[in-house]
Every structure is written in C-alpha cells, then in structure tokens.
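Subject: Structure handover and notes

Dear colleague,

I am passing on the structure we spoke of, with my notes placed underneath so that you can read them beside the coordinates. Please go through them at your own pace and check them against what you see.

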Amino acid sequence: MRYLPLTDTDRSAMLDVVGAPSIEALFSDVPESARLPGLIEGLPLHASEMAVERHMQRLSDRNIAAGSAPFFLGAGAYRHHVPSSVDHLIQRGEFLTAYTPYQPEIAQGTLQMLFEFQSQVARLLECEVANASMYDGSTACWEAVVMARRITKRGKSLISAGLHPHYVSTINTMAGFTGDVIDYTAPVLDAAADDEALIASIDDETSCVVVQYPDILGRLPDLAAIAEAAHSKGALLIAVVTEPVALGAIKSPGELGADIVVGEGQSLGVGLQFGGPYLGLFATREKYLRQMPGRLCGQTTDAEGKRGFVLTLSTREQHIRREKATSNICTNSGLCALAFSIHMTLLGEAGLRALAAENHRLACLAADRLGAVPGVELVNTSFFNEFTLKLSGNASAAVKALADRQILAGVSLGRLYPDAPDIGGGLIVAVTETTTLEDIEALAAGLQEVLA
Amino acid sequence: MKVNPTGWNPTMPEEIANDAGAPLTTITGNRGLMLEEALIFEIGTTETTGVDLPAPAAGAPNRLGGLDRAESFGLPGLSEPETVRHYTRLSRQNYAIDCGIFPLGSCTMKHNPRLNEKVARMPGFGDVHPLQPESTVQGALAVIDELAEWLVTLTGMDAVAMSPKAGAHGELCGILCIRAALEARGDPREVVLVPESAHGTNPATAAFAGYRVEGIPATAEGRVDFEALKARLGPDVAAVMITNPNTCGLFERDMKAISDAVHAAGAFVYCDGANFNAIVGRVRPGDLGVDAMHINLHKTFSTPHGGGGPGSGPVVLSAALAPYAPLPFTVKQADGTISLIEEADVADHLPGSFGRMSAFSGQMGMFTRALAYILSHGADGLRQVSGDAVLNANYMLRSLEDLLDAPFGASGPCMHEALFSDASFAKGVSTLDVAKGLIDEGFHPMTMYFPLVVHGAMLIEPTECESKATLDQFIAAFRGIVERANAGDLGLTQAPLLAPRRRMDEATAARKPRLAWSPEAAA
Amino acid sequence: MTRYFTEEHEWIEVEGDTATIGITDYAQGQLGDLVFAEVPKPGTSLAKGGDAAVVESVKAASDVYSPVTGTVTEGNPAIEEDPALINSDAEGEGWFFKLTIADPAELDGLMDEAAYKEYVAGLD
C-alpha cells in the first residue's frame with residue numbers, strides 16, 4: 001500500500017518492543033464481539049493511483065462543468081476567473097499540509113497570512129475587526145444572529161425578504177432549537193426591495209435585522225436607512241454579502257452602518273466546487289469583539305522583540321470555555337481564506353475595481369439583451385452582476401430545457417422557493433467577467449426557443 | 001474559582017542568555033534561508049495589480065442605484081512575481097506534514113496524497129455550481145452517494161448526513177437529530193452528559209443546542225466511570241457524548257454496555273469520531289450501539305488540514321435517528337440516477353428532517369479527496385491503516401515510558417495515541433518547555449495540555465504514515481529533551497532558539513488586540 | 001477588619017456588613033499573565049458559591065465565585081482596564097468587587113489566613 005511506510009520486518013521488530021504477539025493483540029480492549037475478524041465484507045480492495053484516477057475521471061466526466069457551457073448561475077456562488085498562481089501557491093505543502101497554528105514559532109506563514117486576510121476583509125467590508133473565517137456564508141449568518149442576541153439580549157430576528165432562502169432555512173433550523181423568533185416572508189418580484197415594509201417591522205423586541213446586499217434577486221437595498229431605523233430601536237443591522245466582488249463597485253456595508261457584516265468569500269480564489277468548501281466572512285465593530293465567534297489572529301512580538309502573529313482571544317472559544325463558548329466552531333476555512341487572500345492581493349484595489357466594473361458592464365449588456373427576448377421581462381431597476389428575469393413560463397422548466405441544450409441558464413426561483421408558486425416565473429441570472437457575448441447570445445436564443 | 005487544572009501557563013524567557021545563543025543580527029533580519037517577509041500592506045500599493053483586466057470605460061452604463069463606492073478602501077495589490085514570492089516566503093515559515101512528523105494527538109496528521117488534489121480539481125468536480133440542474137451533476141452526486149455508502153459500511157450504521165462542514169458542525173448535526181427524535185416522541189429532555197476528558201466542542205455543541213451539560217467522571221485507569229454514569233442516567237438525560245477511542249488514547253471497553261444502559265434509560269449515544277483512525281476497518285461503531293458519530297474526513301480520510309481548515313464532518317446515524325437527518329441529501333432513483341433532495345421534495349422522502357444546516361450540499365472538495373483516499377486503500381488498506389497507527393503509538397508509548405510518566409500506561413495497549421504527564425519534570429520546567437525544545441530539534445510538538453484530566457498532558461499521535469526510522473529519530477530527540485526536563489535544565493525555558501520566531505508575547509496580544517493592519521500600528 | 005479565604009482561592013475582607021472580594025496571590029500565580037477581567041455591576045444579587053466575575057489568562061478562563069450571598073455595591077474598574085493589576089497586587093489594588101453581606105453566618109465556614117496558607121501548601 002503506497003501510503004504506508006512500515007514493512008513487515010519493521011512491524012515485527014516494533015511488536016517485540018511493544019511486547020505484543022501481533023497487531024491484532026493491540027486491540028484486546030475491544031470486546032471480542034465487536035472486533036471484526038477479517039475484512040469488512042462487500043468492499044473492494046486497495047487500488048492503484050491510475051485505477052482510482054480513472055474511476056474519478058469517469059465520474060467527473062458525467063457532469064457539465066461550468067467552463068464548458070454558457071453559464072449564468074449565481075445565487076450565492078459565483079464563477080470568476082482564478083489566476084493560476086492562486087492554485088499553485090495554496091498547493092505549497094507548507095500551507096496545504098500544516099495544522100492550525102498552535103505553535104506560533106513555526107507557523108508564522110499561516111499566521112501572517114491570516115492577519116493579512118483579516119486586514120483585507122476588514123477593509124473590504126469597512127469594519128473594524130474581521131475574524132479568520134467561518135465555514136461559509138450561511139453558517140456565518142446564523143452565528144451573527146446568535147451573536148446579536150448575546151449583545152442585545154433580545155430574541156427576535158427580522159429577516160429581509162431578500163436574504164438567500166438557504167440562509168433563511170439555516171437560521172430557521174437553528175432557531176427551532178434555541179427558541180429565537182424569526183420574522184420572515186419570501187420575496188415578491190418587485191423592481192426594488194421593500195425597505196419601508198422592513199423598517200416598519202422593526203420594534204423594541206428586535207435583536208437584529210438581517211439584510212442581504214445585493215439581495216437574492218440582485219437588487220440593492222437601502223442599507224443606510226435600515227441601519228438608522230434599526231439603531232433607533234436598539235437593534236443591530238447584520239449585512240450579508242454573498243458576492244464580495246460587488247464591493248469593488250458599491251459602497252461597503254460598514255460604511256452604510258452595518259454592525260455585523262457576514263459574507264460568502266467563495267467568489268474570490270475558491271471556485272465553485274459544487275457548494276464547498278467555501279469561506280465564511282465575519283466582521284464587526286471592535287466593541288463587540290469579545291462576543292464574536294471564531295478564530296482570531298493578532299499581532300505581537302517575540303522574545304527578541306521581532307514582530308510576529310499568534311491566535312488570540314481564544315478564551316472565547318470552545319477548547320477553553322467549553323459549554324460557555326461563543327460558538328462550538330473549532331476550525332476556520334484556512335485554505336480557502338488563503339486562496340481568497342492571494343486572489344485579493346493579486347487584484348489589489350485597482351484590480352478589484354476593474355473586475356467589478358467589467359462584471360457590471362457585461363451584466364448591463366446581458367440584462368438589456370435578455371430583457372428584450374419575447375416573454376422575458378427584466379425585474380430589477382438596479383443590480384451589480386446579477387439580476388432577475390420574469391419569464392412568461394415556469395422558470396424551472398425553462399432551466400431544465402436549456403440544460404438539455406447544454407446551456408446553464410441560471411437559478412429558477414421555483415428551485416429556491418418551492419412554496420411560492422407565484423414567483424415561479426423568476427430566473428436569477430449572474431454575469432461575470434467569464435461570461436462572453438456569445439454566451440449571452442446563446443442564452444437569449446435558447447430562452448426565445450424554450451418560451452416560444 | 002478553579003485555578004488552571006491543566007498547568008498551561010505560557011511564559012516568556014526571563015532574559016536571553018548569551019551562552020544559549022545571543023541572536024545573530026544581520027542587516028536584513030534574515031538568517032540564511034530563514035527569510036523575513038513584510039506585510040502586503042507594507043510592500044503593495046492600491047494601484048498595483050497582478051491581474052490584467054480592461055480599464056473601466058468612462059461613461060459606461062451604471063445601474064448601481066447611486067451606491068458607487070467612491071472612496072479608496074486601501075487594499076494593496078502586488079504584481080504576480082511579487083505575489084508568488086510573498087506567499088512562497090511566508091510558506092517557508094511553516095512546519096507541515098510535508099516537512100516531517102506532525103504528532104499532534106487527537107488531530108491525525110497523516111500524509112495528504114497528491115492524487116486527492118488532482119482529483120478534486122477535475123473540472124467536473126471543481127467547476128460545477130451547487131444549484132446546477134440534477135441532470136448536469138450526476139457524477140458529483142454519485143461521488144456523494146458512493147462516499148456515503150463507504151462511510152455507512154465502515155461504521156455499520158444505517159444512514160449518513162453528508163452536509164456538515166466540519167467535525168463540530170457534525171456534532172451539532174448529531175445532537176440536533178437526537179433532539180428532533182426526542183421531541184418527536186414528546187419527551188424533550190434537558191441534560192447531555194459529557195466526560196471531563198472530552199474535546200471542548202462536545203460541551204459547547206450541547207450547550208449551543210440548548211442542553212445543560214453535566215460531566216461524567218473517569219476511573220483511575222482513564223476510562224468512563226460506568227457505574228457513575230449508570231447512576232446519573234434518568235428521564236432528564238437526552239444523550240451521552242463519548243469519544244471512543246477516548247482522548248486518553250484508550251478504547252472504552254464498556255462501550256456496548258454503556259450504550260445498552262443509555263438506551264434503556266431512553267437516551268441516545270453520541271460518539272465523537274475524532275479518533276476513528278484507530279479502529280477503521282476493524283471495529284464498527286454501529287456494533288457498539290452508537291446512535292450518531294461524526295467522521296472528520298480531514299483526519300481519518302486524509303483531506304488536507306490547510307493551516308486550520310476547511311474540514312468536513314459527515315455524521316453516521318442509527319435507524320432511530322436516520323428519520324431526522326438534515327437537508328439536503330441524495331437519493332438513488334430506480335433508473336439509477338441520483339436526486340438531490342431539498343425543501344421541495346423533503347416531505348415525500350424524510351418528513352421528520354430537522355432542516356438545513358447550511359447552504360448547499362456539503363464539502364464536495366473534501367468528498368472527492370476522501371473518496372480517492374478510501375478507494376486507494378480499499379477494505380484491506382484501511383484495516384492496515386488502523387493497525388499501523390496503533391502499532392506506531394504503542395511503539396512510542398513503550399519507548400518513552402521509562403523516562404516519562406504515562407498515567408494510563410498500565411491500562412493496556414493504547415490506541416492510536418500515547419498520553420504522558422509532566423510528573424517527571426523537575427520544578428521550573430513545563431510541558432510547554434519540552435514542546436518548544438522539540439521545535440529546536442526540527443519537530444512539530446505533540447498536543448499539549450489536552451486532555452484536561454492529566455496535568456501537563458502530552459498527547460502523541462504518530463499516525464500510520466511514519467516509518468520506523470522517523471519514529472526512532474523522534475524518540476531519540478524526545479528522550480534527550482525529556483532527560484533535560486527531568487534534570488531541571490532551565491535552558492529549555494529559552495526554547496525555541498532556532499525557529500523563525502522565539503516565544504511570542506501572547507499576553508500582550510490578548511490585552512491589546514491588534515487584529516488588522518493599520519498605518520499607525522505598523523511601527 | 002477580618003480577612004477570610006475560600007478553598008476556591010477567593011479572599012473576602014469584611015468590615016461591618018460590607019465585604020471586599022478578590023482572588024488570592026496563589027491563584028493569580030497559577031493562572032499566569034492575566035489578560036481580561038469582568039466584574040459584576042452594582043445592584044447584582046449574588047448567591048454564595050455562584051458565578052460572580054470572570055478572569056482570563058491567555059489559556060484559561062475562570063469564574064470567580066462569591067464567597068457569601070449579597071448585593072454588589074461596587075466593581076473594580078481598574079482591573080477591567082488593566083488586568084495585570086491582579087498579577088501585581090492580587091490581595092490589594094487588584095480587588096474585584098464589594099458587596100453588602102446578606103447573612104454574616106455564611107462567613108463561619110471560611111478559612112483564616114493561616115488555615116489558607118496551610119491549605120495551599122498542601123496543594124503543591
């Protein structure tokens with residue numbers, strides 16, 4: 001077996017030192033009834049690297065990769081071009097195969113990277129502090145709701161209609177066990193988010209208002225007004241960003257008054273990967289630092305006075321605080337944070353702005369072209385790189401029919417909101433720098449065909 | 001108050017003794033191949049970029065609703081060569097499995113095969129969107145289904161929830177299944193019992209799910225006190241969380257009897273699967289009466305730790321808990337195609353599901369790697385994995401126990417990790433000092449100060465991936481350091497002297513947190 | 001003024017019906033460099049043996065228990081501002097909080113300084 005270095009000679013020499021007759025004898029504490037005498041039945045035996053690669057390649061070939069077809073899916077996961085150096089660098093063994101930096105003297109590479117990551121995220125979101133990342137955007141969002149409850153000591157969360165429905169489901173699942181009251185209704189296909197209705201629902205019991213920006217339909221809610229209204233009632237504004245590239249074009253949630261900003265960092269550096277692993281972004285005001293979940297990296301000096309970095313404020317965390325911890329999270333999305341940070345470093349502010357501008361330019365072109373297809377209506381008045389179309393027919397059926405034509409058309413609202421048939425004509429379309437004019441034409445032609 | 005039962009008390013060297021090696025100063029701060037690297041904020045500018053993109057056209061259409069981000073936000077950029085060099089230089093300040101043995105107990109730092117990386121990057125896995133139509137992702141769904149089948153078979157359980165994103169997330173999944181099952185039978189309970197030697201995630205998870213946590217004592221030989229546990233069971237206990245093999249490196253001999261007693265009291269058994277590597281292919285938790293167990297794919301099944309994540313924590317479930325598993329999950333249809341069951345169809349397939357724990361379907365990038373690893377080993381290779389892992393740990397235990405206190409050394413063979421205490425060290429030398437001494441010898445230290453039940457704990461898990469020659473080198477170095485510790489050589493309190501950094505001032509880091517770069521703080 | 005000690009390493013100095021409470025020098029030494037402290041707000045009702053304050057080193061978080069039942073009259077902002085004060089003067093300037101004692105009889109079970117010294121000597 002190619003991954004196991006011990007030889008039979010080694011094994012018998014080691015058994016002599018241990019004083020056991022066989023490896024099986026080392027398992028004598030396992031009750032005999034639970035010890036399997038031989039191999040588990042029905043499972044294949046070991047396989048060569050070539051055989052495994054061939055098997056996996058066959059499975060891979062049964063999927064349509066985003067890069068091999070006109071592709072317009074977004075709704076919380078975005079396809080951007082990732083520079084080659086990103087993947088090269090994250091595969092350096094010293095990053096890839098290191099553990100959590102518990103011994104800072106020999107983990108400064110990971111620690112400095114995390115410090116840079118936190119600094120980049122704080123600047124991007126315009127918050128005072130960011131942590132070293134969470135599992136993904138949806139779990140970060142739930143943790144933010146829990147954190148708001150710890151800060152405000154209130155148990156009612158107001159969720160905007162524009163929050164990704166999977167995020168809403170995640171919050172609902174957890175709230176079912178913690179007794180939080182969740183106030184949410186599914187969106188309607190209006191040109192703009194109904195900020196006024198949301199604001200009217202904030203009251204003295206509200207712990208937090210959760211608003212996605214841009215929202216699930218691609219619209220841009222008025223965060224500043226919502227923040228002001230929330231603060232006037234003693235509630236916190238949690239802003240959710242599922243497409244961080246947008247912040248190269250639009251004002252940051254921090255600037256607009258959000259108290260906690262969470263996000264999905266997947267779109268920079270990480271790739272689609274069928275949903276994971278992704279990268280939860282989490283940032284807030286310094287005064288809420290001790291209520292924040294997750295790992296934090298901080299700057300300090302060593303015994304010679306040299307600058308260095310350590311994991312810090314870990315008494316908030318489960319391995320020390322146990323049942324009183326701010327969260328049970330025991331990891332961060334380290335390698336994804338590295339990919340995000342490298343991609344962000346390659347872009348810089350100038351590059352991120354150019355990337356965002358290119359996304360917006362192509363999205364505007366696509367919105368106009370697709371909105372002109374008979375039976376298709378553009379819903380949004382404002383958007384960044386994602387917008388919603390209202391089709392004359394059922395959008396889920398259209399998506400299926402287009403997939404049969406090798407066009408990955410977008411995400412239908414029927415898939416996301418199975419209980420809201422009245423918005424079943426909605427199709428969320430994302431356009432990035434990877435989208436070509438030919439792709440847009442292909443989708444326009446395809447839509448025209450399947451809606452005819 | 002309870003004062004620091006573990007003895008963990010980070011200290012800074014009193015002064016840098018000259019004979020211990022006054023720091024060699026150079027103009028650059030570099031020491032040969034040990035290279036200093038500034039922060040990107042100090043070397044980059046907001047105008048520099050390493051990506052070629054069209055310049056934004058003036059007068060281009062703008063539908064941003066008047067929200068244009070006008071002000072600079074100070075994100076530095078680097079050109080590609082600068083970027084490659086920055087991260088390469090940073091990487092060289094890290095220890096990693098690729099550099100040598102990484103014997104962190106309870107972490108299972110095994111080799112990360114590069115085939116896994118290749119497979120995860122195949123376009124059909126790496127470049128598919130989680131919301132693509134089912135017909136376009138049959139191969140990806142097949143990976144989930146195939147891995148799920150392996151996990152269920154290897155553990156002897158009934159079902160598996162694949163979506164949890166890490167071990168602790170899996171724990172939460174298991175506890176939520178238990179809560180849902182209890183609520184479904186109209187018997188909500190309040191207490192979860194957790195041994196004092198458990199990972200901190202166990203009590204944190206139970207508390208997060210709304211339970212009160214109570215401890216279970218251990219016996220003198222390092223196992224769960226079955227009599228005490230039995231005495232505590234009652235109608236208020238929802239679950240018992242047990243790590244098996246436990247964090248003292250021992251197999252819980254009474255596991256089956258414990259499960260039977262817990263079930264008889266109407267409660268469920270949650271098993272922390274962190275240490276599954278010790279028994280994979282030899283013992284099925286299902287045969288021990290376990291109701292739920294998470295599997296850390298990054299431990300037992302070799303997905304890379306990546307400097308602290310991402311993980312992946314599928315949870316295997318008993319027949320009693322399977323009806324409450326979270327969304328989404330895969331179902332194989334009669335025609336051989338695989339469906340992803342989400343909110344729209346859950347009522348037809350699993351009406352008791354407790355719901356969704358996160359967006360999308362779990363850590364696909366980890367599933368592909370884990371499946372490649374499992375297929376590479378097969379049933380025979382996996383059995384050899386646990387055998388060699390346990391042999392390596394016992395070899396370590398017996399090669400060190402004449403010098404070090406092994407509190408449970410007489411309790412039988414250890415499983416895949418060997419546990420020692422600081423009892424033999426002379427006054428003034430701590431577990432921390434020994435760990436730092438190992439760094440100077442070029443090794444990553446063992447886990448220190450865990451489990452909490454042993455003072456100055458040192459938990460060594462070599463894994464099956466280390467050769468006898470590597471183990472012998474490590475043992476020789478470790479013995480040398482322990483001899484110094486036992487003799488009271490205070491020079492160890494200066495260690496490490498030869499790493500990229502000396503001991504870090506963690507107290508100042510926590511008192512005055514500096515968590516992001518700012519120009520004022522740069523000095 | 002009389003000073004008492006608990007087995008949990010709190011000290012309590014009693015003057016009339018008010019008491020000042022802190023952690024002992026032995027406790028601060030065991031905890032190491034302290035980096036955070038949180039003291040109760042005036043008006044908080046505390047039960048004997050219940051959680052009263054929090055103190056943290058880099059690697060440990062400890063709850064400080066109230067040695068007696070009572071109502072908090074004052075917390076020490078100086079240790080929240082500078083937790084190192086607890087390290088440098090645990091049994092003086094590093095006090096945690098003051099309270100009004102509800103039941104002086106609860107003091108009866110506590111140790112005096114000599115008894116505490118003996119108790120600590122037995123721990124090493």
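**Chain C**

For a compact globule of 124 residues one would expect a radius of gyration near 14 Å, and chain C, with 13 Å, agrees with that. Please keep in mind throughout that this is a predicted model. Taken along the principal axes, the C-alpha atoms of chain C fill a box of roughly 35 × 35 × 20 Å, and 45% of its 124 residues count as buried. Among the contacts in chain C between residues at least 6 apart in sequence, 62% join residues that are at least 24 apart.

The secondary structure of chain C consists of four helices and nine strands, which follow one another along the sequence as β-β-β-α-β-β-β-β-β-α-α-β-α. Six strands of chain C make up an open sheet with antiparallel pairing, in the order S1-S2-S3-S9-S8-S5. Strand S1 (2–5) and strand S5 (45–46) of chain C are at the edges of this sheet and have a single partner strand each, so one side of each is left without a neighbour in the sheet. Within the sheet, strand S3 (residues 18–23) and strand S9 (residues 97–101) of chain C pair in the antiparallel sense over four bridges, and Ile21(C) stands opposite Phe97(C) in S9(C).

An unreviewed UniProt entry carries the annotation "domain: Lipoyl-binding" over residues 18–100 of chain C. In the model, the end C-alpha atoms of residues 18–100 of chain C lie 5 Å apart, and the span is 20% helix and 42% strand. The UniProt annotation "modified residue: N6-lipoyllysine", likewise from an unreviewed entry, is placed on Lys59(C). Where in the fold is Lys59(C)? Lys59(C) lies in the loop between strand S6 (51–57) and strand S7 (61–65) of chain C, and with 23 C-beta neighbours inside 10 Å Lys59(C) counts as buried. Residues up to four places away in sequence aside, Lys59(C) touches Ile320(A), Trp8(B) and Pro10(B).

**Chain B**

Chain B has 14 helices and twelve strands. With 523 residues, a compact globule would have a radius of gyration near 24 Å, and the 26 Å of chain B agrees with this. The C-alpha trace of chain B spans about 80 × 70 × 50 Å along its principal axes, and 61% of the 523 residues count as buried. Of the contacts in chain B with a separation of 6 or more, 74% are between residues 24 or more positions apart.

One hairpin in chain B may be worth displaying: strand S8 (residues 329–332) and strand S9 (residues 338–341) of chain B pair in the antiparallel sense over four bridges, with Lys332(B) opposite Ile338(B) in S9(B). There are five residues between the two strands of this hairpin, and Gly336(B) takes a positive phi near 90 degrees there.

**Chains A and B together**

In the contact between these two chains, 169 residues of chain A meet 179 residues of chain B. On the side of chain A that touches chain B, helix H11 (residues 334–371) of chain A gives the most, with 21 residues, and by class that side has 85 nonpolar, 56 polar and 28 charged residues.

The largest nonpolar core has 365 residues, of which Val209(A), Ile238(A), Val240(A), Cys177(B) and Leu317(B) touch the most other members. The largest share of this core, 21 residues, comes from H11(A). Setting aside neighbours within four places in sequence, Val240(A) is in contact with residues including Leu163(A), Val210(A), Tyr213(A) and Val262(A).

**Backbone details to check**

Tyr213(A) and Pro214(A) are joined by a cis peptide bond with omega about -10 degrees, and Pro214(A) is in the loop between strand S4 (206–212) and helix H9 (223–232) of chain A. In chain B, a cis peptide bond with omega about 0 degrees joins Ala495(B) and Pro496(B), the latter in the loop between helix H13 (468–487) and helix H14 (506–511).

Glu126(A), a residue other than glycine, has a positive phi near 55 degrees; Glu126(A) is in the loop between helix H5 (108–125) and strand S1 (129–130) of chain A and counts as buried, with 20 C-beta neighbours inside 10 Å. Ser106(B) has a positive phi near 75 degrees and is in the loop between helix H2 (80–91) and helix H3 (114–120) of chain B.

With kind regards

Definitions and conventions: Residues numbered from 1 in each chain as written. Chains lettered and ligands numbered in written order. Predicted model: local features only at pLDDT ≥ 70, side-chain atom pairs only at ≥ 80, totals over all residues. Pairing = 2+ DSSP bridges. Contact = placed C-beta atoms within 7 Å. Nonpolar A, V, L, I, M, F, W, Y, C, P; charged D, E, K, R; others polar. UniProt positions renumbered as here; feature names shortened; annotations may be inferred. Core = buried A, V, L, I, M, F, W, Y, C linked by C-beta atoms within 7 Å. Buried ≥ 20, exposed ≤ 12 C-beta atoms within 10 Å, placed from the backbone. Rg over C-alpha atoms; globule rule 2.2 N^0.38 Å.
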